[in-house]
Amino acid sequence: MAEATQRLEAAVERLTRAAASRPAAPAGGEGDSTPPGVDPAAVAALAARLDETIARLRGVLGEEG
């Protein structure tokens, strides 16, 4: 369990560093808020995988989501 938690924390840290190194999205404007170079489908798929992983981890730990 500790190894799984460490791996998840490391993945989140890598995502944090990657997000911090991306150029800032242009401010203002309505309409499409997706920054250039971002694949909305890939982001949605990653979010779904992270949600599943967190749900499984909570289940193993006996926590409610």
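1. A search of the whole structure, which is a predicted model, finds one salt bridge. The partners are Glu13 and Arg17, whose side chains meet at 3.6 Å, N to O. This distance falls within the 4 Å cut-off used for such a contact.

2. Both partners of the salt bridge belong to helix H1, where Glu13 and Arg17 are four residues apart, about one turn of the helix. As to solvent exposure, Glu13 has a relative accessible area of 41% and is therefore classed as partly exposed, since that class lies between the limits of 20% and 50%.

3. The largest pocket holds about 310 Å³ of space. Helix H1 (2-21) and H2 each contribute at least two residues to its lining. The largest share, seven residues, is supplied by H2.

4. The residues that line the largest pocket are Ala4, Arg7, Leu8, Ala11, Leu15, Leu46, Arg49, Leu50, Thr53, Arg56, Leu57 and Val60. Sorted by class, this lining comprises eight nonpolar residues, one polar residue and three charged residues. Arginine and threonine side chains deserve attention when the lining is inspected on screen: among the lining residues are Arg7, Arg49, Thr53 and Arg56.

5. The second largest pocket has a volume of about 220 Å³. Its lining is formed by Leu15, Ala18, Ala19, Arg22, Val38, Val43 and Leu46. By class, six of these residues are nonpolar, none is polar and one is charged.

6. H1 and H2 again take part, each with at least two residues in the lining of the second largest pocket. Here the largest share, three residues, comes from H1, whereas in the largest pocket the largest share comes from H2. Leu15 and Leu46 appear in the lining of both the largest pocket and the second largest pocket.

7. On the surface, Met1, Val60 and Leu61 make a nonpolar patch of about 290 Å². Val60 is located in helix H2, which spans residues 40-61. With a relative accessible area of 56%, Val60 is exposed, and this value therefore meets the requirement of over 30% for a patch residue.

8. Which residue of the nonpolar surface patch should be read together with the largest pocket? Val60 is the one to consider: this residue helps to make the patch with Met1 and Leu61, and Val60 is also listed in the lining of the largest pocket.

Technical notes: Residues numbered from 1 in each chain as written. Predicted model: local features only at pLDDT ≥ 70, side-chain atom pairs only at ≥ 80, totals over all residues. Heavy atoms only, no water. Patch = residues over 30% accessible without salt bridge, like charges linked within 9 Å, V, L, I, M, F, W, Y side chains within 5 Å. Areas by Shrake-Rupley, 256 points an atom, 1.4 Å probe, with all protein chains shown as cover. Buried < 20%, exposed > 50% of the residue type's maximum accessible area, 1.4 Å probe, protein only. 1 Å grid on protein atoms, 1.4 Å probe; cavity = no way out; pocket = protein on both sides within 12 Å on 5 of 7 lines; lining within 4 Å. Points joined across faces, edges and corners; volume = space filled by probe spheres on them. Nonpolar A, V, L, I, M, F, W, Y, C, P; charged D, E, K, R; others polar.
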